[in-house]
Amino acid sequence: MEDMTAKEKAIDLVNKFLQIYDGRVPQAKQCALICVDEMIGNYEEKYKYCKSKQFLEEVKQEINKL
(Lines give C-alpha, C1' and ligand atoms only; values in the text may rest on other atoms or scores of the structure.)
Protein backbone atom coordinates (compact mmCIF):
# COMPACT_ATOMS: atom_id res chain seq x y z
CA MET A 1 0.00 0.00 0.00
CA GLU A 2 2.95 2.28 0.45
CA ASP A 3 3.27 3.57 -3.09
CA MET A 4 -0.39 3.57 -4.09
CA THR A 5 -2.84 6.40 -3.78
CA ALA A 6 -6.09 5.70 -1.94
CA LYS A 7 -7.93 5.57 -5.27
CA GLU A 8 -5.41 3.14 -6.78
CA LYS A 9 -5.66 0.87 -3.73
CA ALA A 10 -9.46 1.00 -3.84
CA ILE A 11 -9.44 -0.06 -7.50
CA ASP A 12 -6.89 -2.78 -6.76
CA LEU A 13 -8.99 -4.27 -3.96
CA VAL A 14 -12.24 -4.17 -5.92
CA ASN A 15 -10.55 -5.72 -8.97
CA LYS A 16 -9.32 -8.63 -6.85
CA PHE A 17 -12.86 -9.38 -5.72
CA LEU A 18 -14.28 -8.88 -9.22
CA GLN A 19 -12.38 -12.00 -10.24
CA ILE A 20 -14.10 -14.00 -7.51
CA TYR A 21 -17.55 -12.55 -8.14
CA ASP A 22 -17.37 -12.89 -11.92
CA GLY A 23 -17.60 -9.17 -12.64
CA ARG A 24 -20.42 -8.37 -10.20
CA VAL A 25 -19.38 -4.92 -9.01
CA PRO A 26 -21.71 -4.49 -6.00
CA GLN A 27 -20.52 -7.75 -4.43
CA ALA A 28 -16.87 -6.95 -5.14
CA LYS A 29 -17.20 -3.49 -3.60
CA GLN A 30 -18.90 -4.89 -0.50
CA CYS A 31 -16.10 -7.40 0.06
CA ALA A 32 -13.43 -4.74 -0.44
CA LEU A 33 -15.21 -2.52 2.10
CA ILE A 34 -15.33 -5.37 4.59
CA CYS A 35 -11.55 -5.84 4.19
CA VAL A 36 -10.84 -2.16 4.74
CA ASP A 37 -13.19 -2.02 7.74
CA GLU A 38 -11.32 -4.98 9.25
CA MET A 39 -7.99 -3.24 8.75
CA ILE A 40 -9.34 -0.02 10.28
CA GLY A 41 -10.79 -1.92 13.24
CA ASN A 42 -7.50 -3.70 13.90
CA TYR A 43 -5.20 -0.91 12.80
CA GLU A 44 -3.29 -0.36 16.02
CA GLU A 45 -2.82 -4.05 16.59
CA LYS A 46 -2.08 -5.55 13.20
CA TYR A 47 -1.75 -3.05 10.39
CA LYS A 48 0.99 -0.68 11.46
CA TYR A 49 2.69 -1.23 8.10
CA CYS A 50 0.03 0.91 6.38
CA LYS A 51 0.66 4.57 5.67
CA SER A 52 -1.94 5.61 8.22
CA LYS A 53 -5.41 4.94 9.45
CA GLN A 54 -6.47 8.01 7.47
CA PHE A 55 -5.18 6.35 4.30
CA LEU A 56 -7.44 3.37 4.96
CA GLU A 57 -10.39 5.72 5.44
CA GLU A 58 -9.54 7.32 2.08
CA VAL A 59 -9.40 3.88 0.43
CA LYS A 60 -12.85 3.16 1.83
CA GLN A 61 -14.19 6.42 0.40
CA GLU A 62 -12.68 5.65 -3.00
CA ILE A 63 -14.27 2.17 -3.04
CA ASN A 64 -17.64 3.79 -2.43
CA LYS A 65 -17.06 6.14 -5.38
CA LEU A 66 -16.39 3.27 -7.81
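Is Lys65 buried or exposed? At 61% relative accessibility, Lys65 counts as exposed, where exposed means over 50% relative accessible area, buried under 20%, and partly exposed in between (1.4 Å probe, protein chains only).

A word on the ground rules. This is a predicted model, in which local features need pLDDT of at least 70 and side-chain atom pairs count only at pLDDT 80 or more, while totals for chains, interfaces and linings use all residues. Residues are numbered from 1 along each chain as its sequence is written, and side-chain values use heavy atoms, with hydrogens and water left out.

**Charged pairs**

Lys65 has a partner: Glu62 forms a salt bridge with it, the closest N and O atoms being 3.5 Å apart. A salt bridge here is a side-chain nitrogen of Lys or Arg within 4 Å of a carboxyl oxygen of Asp or Glu. Both residues lie in helix H4 (residues 53–65), three residues apart, about one turn of the helix; helices are DSSP runs (H or I, at least four residues), numbered from the N terminus. Unlike the exposed Lys65, Glu62 counts as buried, because its relative accessibility is 16%. Elsewhere, salt bridges that share partners join Lys9, Asp12 and Lys16 into one network. The structure holds four salt bridges, including these:

| Pair | Closest N to O distance |
|---|---|
| Lys9 and Asp12 | 3.3 Å |
| Lys16 and Asp12 | 3.4 Å |
| Glu62 and Lys65 | 3.5 Å |

Why are Lys9 and Asp12 separated by about one helical turn? Because they are three residues apart in helix H1. Lys16 and Asp12 are four residues apart in H1, so about one helical turn lies between them too. An α-helix has 3.6 residues a turn, so residues three or four places apart point the same way. As for accessibility, Lys9 is at 12% and so counts as buried, while Lys16, at 45%, counts as partly exposed.

**Helix H1**

Lys7 is also found in H1, which covers residues 6–20, and its 48% relative accessibility makes it partly exposed. Lys7 and Ile63 are 56 residues apart in sequence, yet 7.5 Å apart in space, C-alpha to C-alpha. At 1.5 Å a residue, the 15 residues of H1 should span 21 Å (1.5 Å times one less than the number of residues), and the end C-alpha atoms of H1 are 22 Å apart, which agrees. The buried residues of H1 are Ala6, Lys9, Ala10, Leu13, Val14, Phe17 and Leu18. What covers them includes H2 and H4. Just after H1, Asp22 takes a positive phi of about 50°.

**The core and Lys29**

The largest nonpolar core (buried Ala, Val, Leu, Ile, Met, Phe, Trp, Tyr and Cys residues joined through side-chain atoms within 4.5 Å) has 17 residues. Those with the most contacts inside it are Leu13, Val14, Ala32, Val36, Val59 and Ile63. H1, H2 and H4 are the elements giving two or more residues to this core, and the largest share, seven residues, comes from H2. Leaving out residues up to four places away in sequence, Ile63 touches Ala10, Leu13, Val14, Lys29, Ala32, Leu33 and Val36, contact meaning heavy atoms within 4.5 Å.

Lys29 sits in helix H2 (residues 25–41). Lys29 is buried yet has no salt bridge; the nearest side chain of opposite charge, Glu62, is 10 Å away. Instead, the Lys29 side chain reaches the backbone oxygen of Leu66 at 2.5 Å. Beyond neighbours within four places in sequence, Lys29 is in contact with Val14, Ile63, Asn64 and Leu66.

Key. Lys, Arg positive; Asp, Glu negative; His and termini not counted. Polar contact = N/O pair within 3.5 Å; in protein donor to acceptor, adjacent residues only side chain to side chain.
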